[in-house]
Protein chains: 2
Amino acid sequence: MATEPVPAELLRVREQIDRIDQGLVLLLANRFALTQRVGELKAEHGLESVDPDREMNKLAEIRAICVKHKVDPGLVSEILERVMREVVKNHDAIKGQALNSQSG
Amino acid sequence: MATEPVPAELLRVREQIDRIDQGLVLLLANRFALTQRVGELKAEHGLESVDPDREMNKLAEIRAICVKHKVDPGLVSEILERVMREVVKNHDAIKGQALNSQSG
C-alpha cells in the first residue's frame, strides 16, 4: 500500500470528531462546576468527600449505558474513575478550606 | 461537624451530574463510531494508524478550549490521550484485518 494524501472523507470525519471533542470539554466543564457545588454542600453538612455507594452505583449505571450504546465499558469506567479521583481531591480541598475558616 | 442525611440540593445536583455522564457516554460512543470509520479509511488508503501532527494539534486545541472554559487542561489532555491510544490500537487492528483479507 502506497501512502496517499489525506482523503476528503477523512477530513470531514475529523471535523465531526473535533466537534465531539469540544462537546466533551464543555460537558466536563459543567460537570466540574456541579461537583464543586457538591463539595461545598458536603463541607457545609459535614459529609465525607468519598461516597463509596454513590461511586459504585455510578459505575454500574455507566457500564449499563456503555453496553446499550456499544462502547467499551472498561475504558469509560477507567476515564470516569480518573474524573472521580480528581473530584474527591477537590472535595477534600474544599473541606480543608471550610475547616480552616472555622478555626481561623 | 456531625454527619447529616444527604441534603435535597445535593440530590438535585447529582441528578444533573448523572445526565452529564449519560451525555459523556453518548459523545464517546459517537466518537468511537467516527474513529472506526477513520480506521477503515486509513486502511483503504494505506495511511499510518498514528498521525503525530494531528494528535499534537488536537491536544493543543483541547488545551485552548479547556483554558477558555476554566477546566484543568492536564486532566482533560490525559483523558483524551487515553482515548487516542485506544483509537490507534483499533486502527492497527483494522489495518491488520485489511492486510489479512488482501493476502487471504
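In this predicted model, A:Lys58 pairs with A:Glu61 in a salt bridge whose closest N and O atoms are 4.0 Å apart. The two residues are separated by about one helical turn, because they stand 3 residues apart in helix 2 of chain A. Their surroundings can be described by accessibility: A:Lys58 counts as buried at 2% relative accessibility, whereas A:Glu61, at 29%, counts as partly exposed.

A salt bridge between A:Glu48 and A:Lys95, with the closest N and O atoms 3.7 Å apart, ties together parts that are 47 residues apart in sequence, since A:Glu48 lies in the loop between helix 1 (8–44) and helix 2 (52–68) of chain A and A:Lys95 lies in helix 3 (residues 73–103) of that chain. Here A:Glu48 is exposed, with 55% relative accessibility, while A:Lys95 is buried at 18%.

Between the chains, the side chains of A:Glu78 and B:Arg82 meet in a salt bridge at 2.5 Å, N to O, and this pair runs from helix 3 of chain A to helix 3 (residues 73–103) of chain B. A:Glu78 is partly exposed, with a relative accessible area of 36%, and B:Arg82 is buried, with 17%.

The three pairs are set out below.

| Salt bridge | Closest N and O atoms |
|---|---|
| A:Lys58 and A:Glu61 | 4.0 Å |
| A:Glu48 and A:Lys95 | 3.7 Å |
| A:Glu78 and B:Arg82 | 2.5 Å |

Over all chains, the whole structure holds 25 salt bridges, and a network of such bridges links A:Asp18, A:Asp21, B:Arg31, B:Arg54, B:Lys58 and B:Glu61.

Disulfides, by contrast, number 0 over all chains; A:Cys66 is buried at a relative accessible area of 0%, and B:Cys66 is likewise buried at 0%.

Conventions. Residues numbered from 1 in each chain as written. Chains lettered and ligands numbered in written order. Predicted model: local features only at pLDDT ≥ 70, side-chain atom pairs only at ≥ 80, totals over all residues. Heavy atoms only, no water. Disulfide = S-S within 2.5 Å. Buried < 20%, exposed > 50% of the residue type's maximum accessible area, 1.4 Å probe, protein only. Helix = DSSP H or I, 4+ residues; strand = E, 2+ residues; numbered from the N terminus.
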